[in-house]
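Dear colleague,

I am handing over the structure we spoke about, and my notes on it follow below. Please read them with the coordinates open beside you.

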Amino acid sequence: MAVKELSANLNAEGLKVGIVVSRFNDFLTKQLLEGSLDCLMRHGARETAITVVWVPGSNESPLAIEKMAATGKFNALI
């Protein structure tokens with residue numbers, strides 16, 4: 001049986017990215033944020049093109065993402 005594999009050329013150059021992070025369990029979420037920032041930077045994202053929004057908990061994340069998406073300013077949201 002042949003396995004299909006899909007892969008992409010990861011390139012974040014020129015992208016505006018928004019990241020929503022929960023303050024709850026910040027000892028974990030800070031590390032997740034650092035990993036996201038590191039990955040974006042290694043793939044060409046500019047630091048000035050990344051916006052980080054802190055919310056109280058995970059319940060507020062969908063609303064923050066929705067509000068950010070409605071602005072039309074971001075190419076990707078995490």
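Does I65 count as buried, exposed or partly exposed, and at what relative accessibility? Please bear in mind throughout that this is a predicted model. I65 has a relative accessibility of 27%, and because buried means under 20% and exposed over 50%, I65 counts as partly exposed. The residue lies in helix α2, which covers residues 61–71, and, leaving aside residues up to four places away in sequence, I65 touches V20, L77 and I78. K16 stands 49 residues from I65 along the chain, and the C-alpha atoms of the two are separated by 14 Å.

Helix α2 also holds S61, which counts as buried at 19% relative accessibility. When residues up to four places away in sequence are not counted, S61 touches V20 and V55, so that V20 is a contact of S61 and also of I65.

Turning to the strands, β1 (residues 17–22) and β2 (residues 50–55) pair in the parallel sense over six bridges, and within this pairing the bridge partner of V17 in β2 is I50. Together with helix α1, which runs over residues 26–42, the two strands β1 and β2 make a right-handed β-α-β unit.

The loop between β1 and α1 contains N25, a residue other than glycine whose phi is nevertheless positive, near 60°. Most residues other than glycine have a negative phi, which is the reason I mention this one. N25 counts as partly exposed, with a relative accessibility of 34%. At the other end of the helix, α1 is followed by G44, whose phi is likewise positive, near 100°.

Helix α1 itself has 17 residues and reaches 24 Å from its first C-alpha to its last, which is close to the 24 Å expected at 1.5 Å a residue. Seen down the axis of α1, its buried residues fall within an arc of 65°, so they line one face of the helix. These buried residues are T29, L33, S36 and L40, and they pack against β1 and β2. As general background, an α-helix has 3.6 residues a turn, so residues three or four places apart point the same way. The face of α1 turned away from the buried side carries the exposed residues F27, Q31, E34 and R42. L28, which is also found in α1, counts as partly exposed at 45% relative accessibility, and its C-alpha atom is separated by 23 Å from that of A45, a residue 17 places away along the chain.

Which residues make up the largest nonpolar core? There are eight in all, namely A12, V17, I19, V21, L33, L40, A45 and I50. The elements that give two or more residues to this core are β1 and α1, and β1 gives the most, with three residues. In soluble globular proteins, nonpolar side chains tend to be buried together. Within the core, A45 touches A12, E13, L40 and I50 when residues up to four places away in sequence are set aside; of these contacts, A12, L40 and I50 are themselves listed among the core residues.

With best regards

Definitions and conventions
Residues are numbered from 1 along each chain as its sequence is written. This is a predicted model: local features need pLDDT of at least 70, side-chain atom pairs count only at pLDDT 80 or more; totals for chains, interfaces and linings use all residues. Side-chain values use heavy atoms; hydrogens and water are left out. Helices (H or I, at least four residues) and strands (E, at least two) are DSSP runs, numbered from the N terminus. Buried means under 20% relative accessible area, exposed over 50%, partly exposed in between (1.4 Å probe, protein chains only). Contact means heavy atoms within 4.5 Å. Two strands pair if DSSP finds at least two bridges between them. A crossover is right-handed if, with the strands pointing away from the viewer, the path from the first strand over the helix to the second runs clockwise. The expected span of a helix is 1.5 Å times one less than its number of residues. The arc is that of the directions from the helix axis to the C-beta atoms. A nonpolar core is a set of buried Ala, Val, Leu, Ile, Met, Phe, Trp, Tyr and Cys residues joined through side-chain atoms within 4.5 Å.
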